[in-house]
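Work through the following exercises with the coordinates open, and compare each solution with your own reading.

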Amino acid sequence: MLILITYDVSTSSAEGRRRLTRVSKKCLDYGQRVQNSVFECILDTTQFRRLKYELEELIDTEKDSLRFYNLGDKYKTKVEHLGIKHSYDMEGPLIL
């Protein structure tokens with residue numbers, strides 16, 4: 001299933017900037033960045049639970065915000081893209 005993750009991390013302090021970096025790196029472990037604070041991740045249910053838990057542990061719920069949008073398995077009919085910065089096919093073959 002495709003999960004769209006968006007976040008807003010307060011960067012008014014050094015700790016906030018560290019949280020932002022950690023959240024970004026954790027999202028990169030699971031998917032691809034499509035905007036500055038937006039990631040697309042192809043995950044199964046277990047991976048999604050794990051990622052959600054790991055991100056919850058990184059943020060300060062009094063200052064930061066996370067949003068998860070579950071676009072499901074038929075996401076290709078739900079996503080449109082205009083402009084530059086095309087995404088790669090996360091379910092396609094990986095050629096090295």
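**Exercise 1.** Are tyrosine 7 and phenylalanine 39 buried or exposed?

Solution. This is a predicted model, in which local features need pLDDT of at least 70 and side-chain atom pairs count only at pLDDT 80 or more, while totals for chains, interfaces and linings use all residues. Residues are numbered from 1 along each chain as its sequence is written, and side-chain values use heavy atoms, with hydrogens and water left out. Buried means under 20% relative accessible area, exposed over 50%, and partly exposed in between (1.4 Å probe, protein chains only). By these cut-offs, both tyrosine 7 and phenylalanine 39 are buried.

**Exercise 2.** How do phenylalanine 48 and phenylalanine 68 pair, and which elements hold them?

Solution. Rings of Phe, Tyr and Trp (its six-membered ring) pair if their centres lie within 6.5 Å, and planes under 30 degrees apart count as stacked, over 60 as edge-to-face and the rest as tilted. For phenylalanine 48 and phenylalanine 68 the centres are 5.7 Å apart with 75° between the planes, an edge-to-face pair. Phenylalanine 48 lies in helix 2 (residues 45-58) and phenylalanine 68 in strand 4 (residues 65-72), so the pair ties together parts 20 residues apart in sequence; helices (H or I, at least four residues) and strands (E, at least two) are DSSP runs, numbered from the N terminus.

**Exercise 3.** Why does the structure hold zero disulfides?

Solution. A disulfide is a pair of cysteine sulfur atoms within 2.5 Å. The sulfur of cysteine 27 has its closest cysteine sulfur in cysteine 41, at 5.9 Å, which is too far for a bond.
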